[in-house]
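Biologist: I'd like to learn how to read a model like this one, feature by feature. Could you walk me through it?

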Amino acid sequence: MAEAPLLAVEGLTVAMGGTPVLEDVSFSIAPGETLGLVGESGCGKSVTALSAMRLLPHPPARVLGGRILFEGEDMLALDDARLRAIRGNRIGMIFQEPMTSLNPVFTIGDQIAESLVVHRGASGAAALGEAARLLDLVGIPAARGQLGRYPHELSGGQRQRVMIAIALACRPRLLVADEPTTALDVTVQAQILDLVGRLRREMGMAVLLITHDLGVVAETCDRVAVMYAGRIVEEAPASRIFAVPRHRYTQALLRTMPAANPPGRRLPSIAGTVPPPGARGAGCAFAPRCAAALPRCAGELPPIAGAPHRVGCWNPAEAA
Amino acid sequence: MSPLLEVRDLHVRYEARGGTIRAVDGVGFSLARGEVLGVVGESGCGKSTLGRAILRLVEPAAGTIVFDGEDITRLDRRGMVARRRDMQVVFQDPFGALNPRHRVGEIVGEPLVVHRVGDRASRAARVAELLELVGLPPDAARRHPHEFSGGQRQRIAIARALALEPRLLVADEPVSALDVSIQSQVINLLSDLRARLGLSMVFISHDLSVVRHVSDRIAVMYLGRIVEIGAAAEVFDAPAHPYARALLSAVPHVDPSRRRDRILLQGEMPDPAHPPGGCAFRTRCPAAEPRCAASAPALAARRIAGAPPREAACHLLEAA
């Protein structure tokens with residue numbers, strides 16, 4: 001990578017109440033780049049984002065090892081004041097359910113203006129003027145008149161737009177988006193993804209997109225990291241990973257999708273279920289469900305290697 | 001052969017604070033024996049209400065539902081309870097639908113008790129048969145719902161729905177809460193059951209690729225009405241109604257060759273208590289003309305360039 005990464009997560013290991021939920025997770029995001037973090041429920045993708053932002057409650061969560069470098073600073077070593085200066089300012093965040101992230105007793109204008117007052121020292125009036133501009137930017141028209149509305153008066157799509165306006169208020173270098181469109185209808189999802197893409201290009205912002213939706217990732221991300229049972233198992237440019245997946249889990253996951261199969265035909269499935277944290281064994285956590293497992297897979301952890309296509313598998317699919 | 005189910009001019013209304021919501025506003029379709037009709041549309045389009053109204057789990061305000069030649073809207077409560085032996089439903093949330101205090105055997109066998117089918121021994125045998133049918137181990141009968149994963153709980157709900165050998169299954173988002181790898185197992189199960197038992201299905205989902213995979217025909221709903229209905233391949237590959245076109249274009253795909261030029265809709269679905277007059281889609285329709293405000297277009301066969309006529313409700317498509 002020519003440029004220094006904006007965010008570099010190195011060997012991140014996190015435990016919840018003593019059980020490891022995230023193990024040796026490493027990835028980086030260059031300025032302006034979009035990285036997709038994908039996987040099924042419980043794979044650790046949200047924990048990765050929350051711990052990178054230091055938003056995990058501890059206890060029960062504890063970082064056992066690793067570094068999280070944002071613009072060269074180790075997020076894990078920062079005091080609370082410095083952390084607050086970065087979060088919501090240099091790093092913006094949006095989550096799946098905007099209703100629980102918005103404060104129900106404040107108007108949306110006040111909530112957007114707040115971060116400008118806190119982080120940029122803007123005056124109340126200037127901040128509200130900027131809030132109106134931001135609402136317009138995220139596609140809530142007649143923005144001045146909307147500033148006095150409360151979250152419950154808005155639709156789900158509008159609330160997510162407000163969350164994006166708040167996240168973008170300070171023109172962050174990185175946007176962390178955790179399932180930002182999962183609760184939305186598909187036509188509204190298309191609007192929101194279009195909006196994020198447009199703002200990203202205009203502002204040169206990097207995005208860490210966390211989702212279970214492989215289609216969304218394929219259409220919006222530059223690079224993709226696939227997680228399984230607390231580890232990254234494969235990482236590659238989006239165009240490569242979907243065309244020639246090498247990890248057997250990624251391959252199986254893509255094959256099970258209805259869209260990848262002729263209508264009505266029996267879908268390939270992955271036998272068994274994801275092992276819960278604490279029962280993941282010493283080797284590859286996917287080995288018990290893997291059709292291509294070798295004897296060594298259960299006992300020996302495969303290292304993740306290769307560039308730009310990284311894969312952690314003893315018996316990967318052909319690179320084709 | 002006469003259709004198994006025929007719905008004519010069905011209306012369901014809810015009284016809400018903002019006024020009367022016409023959740024289902026004049027819907028008609030028929031379902032052949034052994035056929036799967038997929039119903040798609042976004043939140044608030046009325047697809048779930050339609051599914052419940054077919055079984056009279058919500059009471060229609062007007063219209064008729066003919067099941068196997070009998071007008072079931074005329075049945076009294078007792079007659080309807082007896083009729084539901086043939087008409088069962090599976091919902092999205094498999095946990096909310098299962099009583100956590102009961103053992104799986106009691107849950108699956110409950111319809112047999114309610115409808116006084118067989119004696120204790122024959123019911124136990126039937127439960128064992130049903131568990132095997134949906135791919136659960138025999139000892140599942142003695143366990144409680146919380147001991148099962150989401151996918152297994154959905155199998156339990158399906159086993160219960162099949163206990164009385166229904167001829168119609170209304171499946172309302174049956175795989176939406178499940179991870180991709182588990183989703184494919186449940187979709188396969190439903191396909192197997194359809195083939196083995198000759199089940200007819202109304203399959204309701206917001207997930208268009210799942211609906212495409214399982215359905216013979218597809219109905220697209222918008223604000224309480226069917227705007228287009230036809231053979232799954234035809235509707236999916238070449239949607240005719242402007243809303244159906246926008247909806248299908250919004251689906252993100254992993255496979256670049258499946259992506260279509262995205263039609264971004266403006267705004268969101270109007271307040272269902274105050275839908276626009278004329279065609280309800282006209283406020284967001286990229287092709288709307290003045291005549292679209294004058295009257296609501298009927299769902300009728302219309303000409304499509306290079307394809308057989310399609311049933312669609314749009315003034316811009318010429319009647320066939």
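**Reading the features**

Modeller: Sure, and keep in mind that this is a predicted model. Let's start with a helix pair: the axes of α3 (residues 104-114) and α4 (residues 120-133), both of chain B, come within 9 Å and cross at roughly 115°.

Biologist: What is the handedness of the crossing where α3(B) passes α4(B)?

Modeller: It's right-handed. As for reading the contact itself, an α-helix has 3.6 residues a turn, so residues three or four places apart point the same way. Here α3(B) brings Gly105(B), Val108(B), Gly109(B) and Leu112(B), while α4(B) brings Arg123(B), Arg126(B), Val127(B), Leu130(B) and Leu131(B). By class, the residues of that contact are five nonpolar, two polar and two charged.

Biologist: Is α5(B) largely enclosed or left open by the rest of the structure?

Modeller: Enclosed: twelve of its 13 residues are buried, so the rest of the structure largely surrounds α5(B). Among the buried ones are Arg153(B), Ile156(B), Ala159(B) and Leu162(B). The buried residues of α5(B) pack against β6, α3, α4, β7 (168-172) and α6 (180-197) of chain B. You can also check the length of α5 (residues 150-162) of chain B: from first C-alpha to last it reaches 19 Å, close to the 18 Å expected at 1.5 Å a residue.

Biologist: On to sheets. In what order do the eight strands of the open sheet in chain B run?

Modeller: The general idea is that strands of a sheet pair through backbone hydrogen bonds, either parallel or antiparallel. In this sheet of chain B the order is β6-β7-β8-β3-β9-β10-β12-β11, and the pairing is mixed. At the edges stand β6 (87-90) and β11 of chain B; each has a single partner strand, so one side of each is left without a neighbour in the sheet. On average, neighbouring strands of this sheet are turned by 20° against each other, ignoring direction.

Biologist: How many bridges link β11 (residues 300-304) of chain B with β12(B)?

Modeller: Four, in the antiparallel sense. One place to look is Arg302(B), which stands opposite Arg310(B) in β12(B). β11(B) and β12(B) form a hairpin with two residues between them, and Gly306(B) in the turn has a positive phi of about 70°. β12 (residues 307-312) of chain B also pairs with β10 (residues 225-231) of chain B, antiparallel over two bridges. There, Glu228(B) has Ala312(B) as its bridge partner in β12(B).

Biologist: Which strands does helix α9 (residues 242-249) of chain B lie across?

Modeller: β9 (217-222) and β10 of chain B, with the helix running at about 105° to β9(B).

Biologist: What is the strand order in the four-stranded open sheet of chain B?

Modeller: That sheet goes β2-β1-β4-β5 in chain B, with antiparallel pairing. Its edges are β2 (19-31) and β5 (70-71) of chain B, each with a single partner strand, so one side of each has no neighbour in the sheet. Further in, β1 (residues 5-16) and β4 (residues 62-67) of chain B pair in the antiparallel sense over five bridges. One partnership to find is Val7(B) with Ile65(B) in β4(B). Helix α1 (residues 47-54) of chain B lies across β1, β2 and β4 of chain B, at about 65° to β2(B).

Biologist: And backbone oddities?

Modeller: Most residues other than glycine have a negative phi, and most peptide bonds are trans. Asp68(B) has a positive phi of about 50° although it is not a glycine; this residue sits in the loop between β4 and β5 of chain B. In chain A, phi of Glu71(A) is near 50°, and Glu71(A) lies in the loop between β4 (61-70) and β5 (73-74) of chain A.

Biologist: Where is the cis peptide bond that involves Pro308(A)?

Modeller: It joins Ala307(A) and Pro308(A), with omega about 0°. Pro308(A) is in the loop between α11 and β11 (310-311) of chain A.

Biologist: Last one: how many residues of chain A are in contact with chain B?

Modeller: There are 34 in chain A, facing 30 residues of chain B. α8 (186-203), α9 (214-220) and α11 (248-256) of chain A each supply at least two residues of the chain A side. α8(A) gives the most to that side, with seven residues. By class, the chain A side has 16 nonpolar, twelve polar and six charged residues.

Methods:
Residues numbered from 1 in each chain as written. Chains lettered and ligands numbered in written order. Predicted model: local features only at pLDDT ≥ 70, side-chain atom pairs only at ≥ 80, totals over all residues. Contact = placed C-beta atoms within 7 Å. Nonpolar A, V, L, I, M, F, W, Y, C, P; charged D, E, K, R; others polar. Axes fitted to C-alpha atoms, helices over the stretch in contact; angles between N-to-C directions. Left-handed = near helix turned anticlockwise from the far one by under 90°. Pairing = 2+ DSSP bridges. Expected span 1.5 Å × (residues − 1). Buried ≥ 20, exposed ≤ 12 C-beta atoms within 10 Å, placed from the backbone.
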